Every structure is written in C-alpha cells, then in structure tokens.
Amino acid sequence: MPGDARETIPIGLRFRAVAAAASGVVALSVLVPALERLLPAIAVWIAVAGYAWIRFDRNRTTEAEAPDARLGAANAVTLARGWLLALFAGIVPAAAAPVSVGVFTCAVALDGVDGAIARRTRETVLGAGLDGATDALAVLVGSAAAVAHGSLRAWYLLAGGVWYA
C-alpha cells in the first residue's frame, strides 16, 4: 500500500532479519531436539523476532529520521537475549538446573550490556521498545518455568503477563 511505513524499511534490513530469524529457529531445533520442548522455544523466539519485525520502521533515533539499514549492536544484543530466553524455554524441563540457570542468567545479564552499548553508540526507538518487550518476556518465561517446576504458585504468572495487558 502506498505511503505504508513498511515501504521505508530498507530491503537489506528485511533480508538480514529473515536470515537471523530462520537461523534462530534452526539453532533451536538443533539444541532442543524434542518436539514438545521445541515448540515453546520457537514460540518465544517468534514473539521476540516478530516484535522487532513489525516495528522495523522504528529503527531510527528519532521519529523524523528514515529507518536505518543497520540493526545496530545494541539491538543485536537484545535479540540475542530473546533467543537465549527461547533456548531457556526449550531446555528448562530437561536440562540440568545449572545449565538452565546459566542460560537464563546470561539472558538477564545481557540486559545491562545492550543498554550500555545503546548509550555509547545510538539508541533507537525500536531498541527502546524491544528492550522493554524482552525484559517483560524474561519475567514471563522465568515465572512460567518456576511455576512449572513447582517453585512458585500459578498466580506469579500475572507478574509476567502484566506488560502484555
């Protein structure tokens, strides 16, 4: 449709996004071979990648600029955090606790890294939203894992779902 904001998204960014999303799914399917655990992992990854995809027109520092063709290091780290959360969602039922905790800890610890990179390079409207969405997803996935493990009661899922309400 003419004038659609998505027409302004550079084709190179779209191509790299599709390649990264597909690579993420392939990597998850290698690391999480059991289908019943792979499906939640892919669902989490699609949530993160999909959030970025529908907001690529916001890959700019201000609303007045045209979208940047480069995703940027900070956004790439945020997407890596999302992929680690997807991996966590897939391995948490079967992996040893230290492995699951390690993956989740890495995903959460990288939150400080993407923010530091954004402040030193360039913050984008997309990055600010993607960071908040990934933070909320970490709370939701972490609380869902704790509820499934029996460590928390089911009402703790409300904490993870509040951002989506």
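At what angle do the axes of helix α1 and helix α2 cross? In this predicted model, the axes of α1 (residues 11-31) and α2 (residues 35-53) cross at roughly 165° and come within 10 Å of each other. That makes the two helices, α1 and α2, roughly antiparallel, since angles over 145 degrees are counted that way. The handedness of the α1 and α2 crossing is right-handed. On the α1 side, the contact is built from Arg14, Ala17, Val18, Ala20, Ala21, Gly24, Val25, Leu28 and Ser29, while α2 brings in Leu38, Ala41, Ile42, Trp45, Ala49 and Trp53. Sorted by character, the residues of this α1 and α2 contact come out as 12 nonpolar, two polar and one charged.

Helix α1 also packs on α3. Here the angle is about 30°, and the axes of α1 and α3 sit 10 Å apart. With an angle like that, α1 and α3 are therefore roughly parallel to each other, the cut-off for that label being under 35 degrees. The α1 and α3 pair crosses in a right-handed sense. Gly24, Ala27, Leu28 and Leu31 are what α1 puts into the contact, and they meet Trp83, Ala86, Leu87 and Ile91 of α3. The residues in this contact of α1 with α3 split into seven nonpolar and one polar, with no charged ones. Gly24 and Leu28 turn up here in the contact with α3, and they are also listed among the α1 residues that touch α2.

The next pairing is α2 with α5. These helices pack at about 165°, with 10 Å between the axes of α2 and α5, and α2 and α5 are therefore roughly antiparallel to each other. Their crossing, α2 over α5, is right-handed too. From α2, Val44, Val48, Tyr51 and Ala52 meet Leu126, Gly129, Leu130, Ala133, Leu137 and Val141 from α5. The tally for the α2 and α5 contact is nine nonpolar, one polar and no charged.

Now for the charged side chains. The model has six salt bridges. Asp68 takes part in a salt bridge with Arg70, where the closest N and O atoms are 2.9 Å apart. Asp68 counts as buried, at 17% relative accessibility, whereas Arg70 counts as exposed, at 56%. Asp68 also meets Arg122 in a salt bridge, at 2.5 Å from N to O. Asp68 belongs to the loop between α2 and α3 (73-91), and Arg122 to the loop between α4 (97-120) and α5 (125-149), so this pair ties together parts of the chain that are 54 residues apart in sequence. Arg122 is partly exposed, with a relative accessible area of 24%.

A further salt bridge joins Arg81 and Asp135, with 2.5 Å between the closest N and O atoms. This one links distant parts of the chain, with Arg81 in helix α3 and Asp135 in helix α5, 54 residues apart. How accessible is Arg81? Arg81 has a relative accessible area of 2%, so it is buried. Its partner Asp135 is partly exposed, at 26% relative accessibility. The Arg81 and Asp135 pair isn't on its own, either: Arg81, Asp111, Asp114, Asp131 and Asp135 are linked in a network of salt bridges.

Helix α3 also holds Asn75. Is Asn75 buried or exposed? At 5% relative accessibility, Asn75 counts as buried. Setting aside neighbours within four places in sequence, Asn75 is in contact with Asn59, Thr124, Leu126, Gly127 and Leu130. Two of these names have come up before, as Leu126 and Leu130 are among the α5 residues that meet α2. As for Gly50, Asn75 is 25 residues away from it in sequence and 14 Å away in space, C-alpha to C-alpha.

Terms used. Residues are numbered from 1 along each chain as its sequence is written. This is a predicted model: local features need pLDDT of at least 70, side-chain atom pairs count only at pLDDT 80 or more; totals for chains, interfaces and linings use all residues. Side-chain values use heavy atoms; hydrogens and water are left out. Axes are lines fitted to C-alpha atoms, for helices over the stretch in contact, and angles run from 0 to 180 degrees between N-to-C directions. Helices (H or I, at least four residues) and strands (E, at least two) are DSSP runs, numbered from the N terminus. Angles under 35 degrees count as roughly parallel, over 145 as roughly antiparallel, 65 to 115 as roughly perpendicular and the rest as oblique. A crossing is left-handed if the near helix is turned anticlockwise from the far one by less than a right angle, and right-handed if clockwise. Contact means heavy atoms within 4.5 Å. Ala, Val, Leu, Ile, Met, Phe, Trp, Tyr, Cys and Pro count as nonpolar, Asp, Glu, Lys and Arg as charged, and the others, Gly among them, as polar. A salt bridge is a side-chain nitrogen of Lys or Arg within 4 Å of a carboxyl oxygen of Asp or Glu. Buried means under 20% relative accessible area, exposed over 50%, partly exposed in between (1.4 Å probe, protein chains only).
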